[in-house]
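Please walk through this protein chain with the coordinates open beside the text. The account starts from a single side-chain environment and works outward to the helices, the loops and the sheet.

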Amino acid sequence: MHIAIKLLIIFVALGALFMGAIFLIAGGLVANYAIGAVLLLVGFALLGYVYMNERIEANRPLQQTFNVTMAGSGEMVERKMLCRSCGAPLEQKDVTLMSGGLVGKCPYCGTVTTLEEQPKW
Ligand SMILES: [Zn+2]
């Protein structure tokens, strides 16, 4: 999982827990307790999801590690991929994951380049 997404989920989860606590403390109406309970559940669920994801990523053998590395290597791909036709650098937004491989579409000349076909110079 991308670190930014992880932090965002944790941030949202903490926000939900905080709001849930406020609703529970405010109390009074049954609806407030219900909303508070739901927010707390959502917060714990999100934290649990991130925690489980962390565990899975840490425990998975080779293949998953490879996938994680691929997902996290956007900057490396951005630096390495050049258009084979006009030599223009392909930005990360031009690169998409298609049928298991990375495919870059040149924003200048429209040539589609796959990472596998990239010459190793
Ligand atoms: Zn090009």
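Leaving aside its neighbours within four places in sequence, which residues is Leu 46 in contact with? In this model, which is a predicted one, the contacts of Leu 46 outside that sequence window are Ile 9, Val 12, Ala 13 and Ala 16. Two of these partners, Ala 13 and Ala 16, appear again together with Leu 46 in the largest nonpolar core, a set of five residues that also includes Phe 23 and Leu 39. The elements giving two or more residues to this core are α1, which spans 3-26, and α2, which spans 30-59, and the largest share, three residues, is the contribution of α1. As a general background to such a set, nonpolar side chains in soluble globular proteins tend to be buried together.

With the core located, the arrangement of the two helices can be described. Two packed helices are characterised by the angle between their axes and by the distance between those axes. Here the axes of α1 and α2 come within 7 Å and cross at roughly 155 degrees. Because an angle over 145 degrees counts as roughly antiparallel, α1 is roughly antiparallel to α2. The sense of the crossing is left-handed as α1 passes α2.

The loop between α1 and α2 contains Gly 27. Is Gly 27 buried or exposed, given the C-beta neighbours inside 10 Å? Gly 27 has 10 such neighbours and therefore counts as exposed, since the limit for that class is 12 or fewer. Even so placed, Gly 27 touches Asn 32 and Tyr 33 when residues up to four places away in sequence are not counted.

Stepping back to the whole chain, the secondary structure comes to four helices and three strands, and from the N terminus on the elements run α-α-α-α-β-β-β. Of the 121 residues in the protein chain, 11% count as buried. Among the contacts between residues at least 6 apart in sequence, 37% join residues that are at least 24 apart.

The passage from helices to strands can be followed through Gln 92, whose place is in the loop between α4 (74-80) and β1. Gln 92 has 13 C-beta neighbours inside 10 Å and so counts as partly exposed. Although Gln 92 and Gly 104 are 12 residues apart in sequence, their C-alpha atoms are 8.4 Å apart in space.

How, then, are the strands arranged? They form an open sheet of three strands in the order β1-β2-β3, with antiparallel pairing. The edge strands, each pairing on one side only, are β1 (95-98) and β3 (112-114), and neighbouring strands of this sheet are turned against each other by 30 degrees on average, direction ignored. In general, the strands of a sheet pair through backbone hydrogen bonds, either in parallel or in antiparallel fashion.

The two pairings can now be taken in turn. Four bridges connect β1 with β2, the strand of residues 101-105, in the antiparallel sense; in this pairing, Leu 97 has Leu 102 of β2 as its bridge partner, and Met 98 stands opposite Gly 101 in β2. On the other side, β2 is joined to β3 by three bridges, and these strands also run antiparallel, with Lys 105 standing opposite Val 112 in β3. The hairpin of β2 and β3 has six residues between the strands, and within this hairpin Gly 110 takes a positive phi near 80 degrees.

Val 112 offers a closing view of the sheet from strand β3, where it is found. With 14 C-beta neighbours inside 10 Å, Val 112 counts as partly exposed. Which residues does Val 112 contact, leaving aside its neighbours within four places in sequence? Its contacts are Val 103 and Lys 105, and Lys 105 is also the residue that stands opposite Val 112. Looking towards the other edge strand, Val 112 and Val 95 are 17 residues apart in sequence and 9.6 Å apart in space, C-alpha to C-alpha.

Methods. Residues numbered from 1 in each chain as written. Predicted model: local features only at pLDDT ≥ 70, side-chain atom pairs only at ≥ 80, totals over all residues. Pairing = 2+ DSSP bridges. Axes fitted to C-alpha atoms, helices over the stretch in contact; angles between N-to-C directions. Buried ≥ 20, exposed ≤ 12 C-beta atoms within 10 Å, placed from the backbone. Contact = placed C-beta atoms within 7 Å. Core = buried A, V, L, I, M, F, W, Y, C linked by C-beta atoms within 7 Å. Parallel < 35°, antiparallel > 145°, perpendicular 65-115°, else oblique. Left-handed = near helix turned anticlockwise from the far one by under 90°.
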